[in-house]
Amino acid sequence: MDYIAHTVDTAAAVGSVADLLWAAADLVADWISSVADDFTSVGVLGFSQGGMISLMLLRRHPELLDYALPLSGGVLGGPQSGDELLAE
């Protein structure tokens, strides 16, 4: 199985903790978009805060992921652009 581990610098994001987490999820989505064509399947796995971000990625960018494996972590507030697609 091929996989890539990557870290994201979120120091530039300011505001609430929720804003920082959404910014991190969006940065990861940008990175996934840049490498997705090199893989047949793309998924994310996260524990605790990483689990929360994996769900955030799935809710905001469902078209990028084949799966998300949140190992602990909750769902962070409000409706997101991918929620309707995921509900189908």
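A polar contact is a pair of N or O atoms within 3.5 Å, where, within protein, one atom must be able to donate a hydrogen and the other to accept it. The exercises below apply this and related terms to a predicted model.

**Exercise 1. Describe the order of helices and strands along the chain, and state what share of the residues is buried.**

Solution. Begin with the count, which gives three helices and two strands for the chain. Next, follow the sequence from its start, and the elements appear in the pattern α-β-α-β-α. Turning to burial, 31% of the 88 residues count as buried. Finally, consider the contacts in the chain with a separation of 6 or more: residues 24 or more positions apart account for 50% of them.

**Exercise 2. Work out how helix H1 and helix H2 are placed relative to each other, and which residues meet where they touch.**

Solution. Take the axes as a starting point: those of H1 (residues 17–35) and H2 (residues 49–60) come within 9 Å and cross at roughly 65°, and the crossing is right-handed. On the H1 side, the residues in contact are Leu21, Trp22, Ala24, Ala25, Asp26, Val28 and Ala29, and they meet Gln49, Met52, Ile53, Met56, Leu57 and Arg60 on the H2 side. Sorted by class, this contact of H1 with H2 has ten nonpolar, one polar and two charged residues.

**Exercise 3. Examine H2 by itself: find its span, its buried residues and what covers them.**

Solution. The helix H2 has twelve residues, and the distance from its first C-alpha to its last is 16 Å, close to the 16 Å expected at 1.5 Å a residue. Within H2, the buried residues are Gly51, Met52, Ile53, Ser54, Leu55, Met56, Leu57 and Arg59. The cover over these buried residues includes H1, strand E1 (43–47), E2 and H3.

**Exercise 4. Decide whether Gln80 is buried or exposed, and identify the partner of its side chain in a polar contact.**

Solution. First locate Gln80, which lies in the loop between strand E2 (67–71) and helix H3 (83–87). Its relative accessible area is 15%, so Gln80 is buried, given that buried means under 20%. Then look at its surroundings: once residues up to four places away in sequence are set aside, Gln80 touches Trp22, Arg59 and Arg60. With Arg60 there is also a polar contact between side chains, at 3.1 Å.

**Exercise 5. Carry out the corresponding analysis for His61, beginning with its loop and ending with its polar contact.**

Solution. His61 belongs to the loop between H2 and E2. Its relative accessibility is 16%, and therefore His61 counts as buried. Leaving aside neighbours within four places in sequence, His61 is in contact with Asp26 and Ala29. The side chains of His61 and Asp26 make a polar contact at 3.0 Å, and Asp26 also takes part in the meeting of H1 with H2.

**Exercise 6. Find the loop positions of Ser48 and Ser72, and report the phi value of Ser48 and of Ser72.**

Solution. Ser48 sits in the loop between E1 and H2, and although it is not a glycine, it has a positive phi of about 60°. Its relative accessible area is 37%, so Ser48 is partly exposed. Ser72 is found in the loop between E2 and H3, where its phi is near 85°, a positive value in a residue other than glycine. At 45% relative accessibility, Ser72 counts as partly exposed.

Definitions and conventions
Residues numbered from 1 in each chain as written. Predicted model: local features only at pLDDT ≥ 70, side-chain atom pairs only at ≥ 80, totals over all residues. Heavy atoms only, no water. Helix = DSSP H or I, 4+ residues; strand = E, 2+ residues; numbered from the N terminus. Buried < 20%, exposed > 50% of the residue type's maximum accessible area, 1.4 Å probe, protein only. Contact = heavy atoms within 4.5 Å. Axes fitted to C-alpha atoms, helices over the stretch in contact; angles between N-to-C directions. Left-handed = near helix turned anticlockwise from the far one by under 90°. Nonpolar A, V, L, I, M, F, W, Y, C, P; charged D, E, K, R; others polar. Expected span 1.5 Å × (residues − 1).
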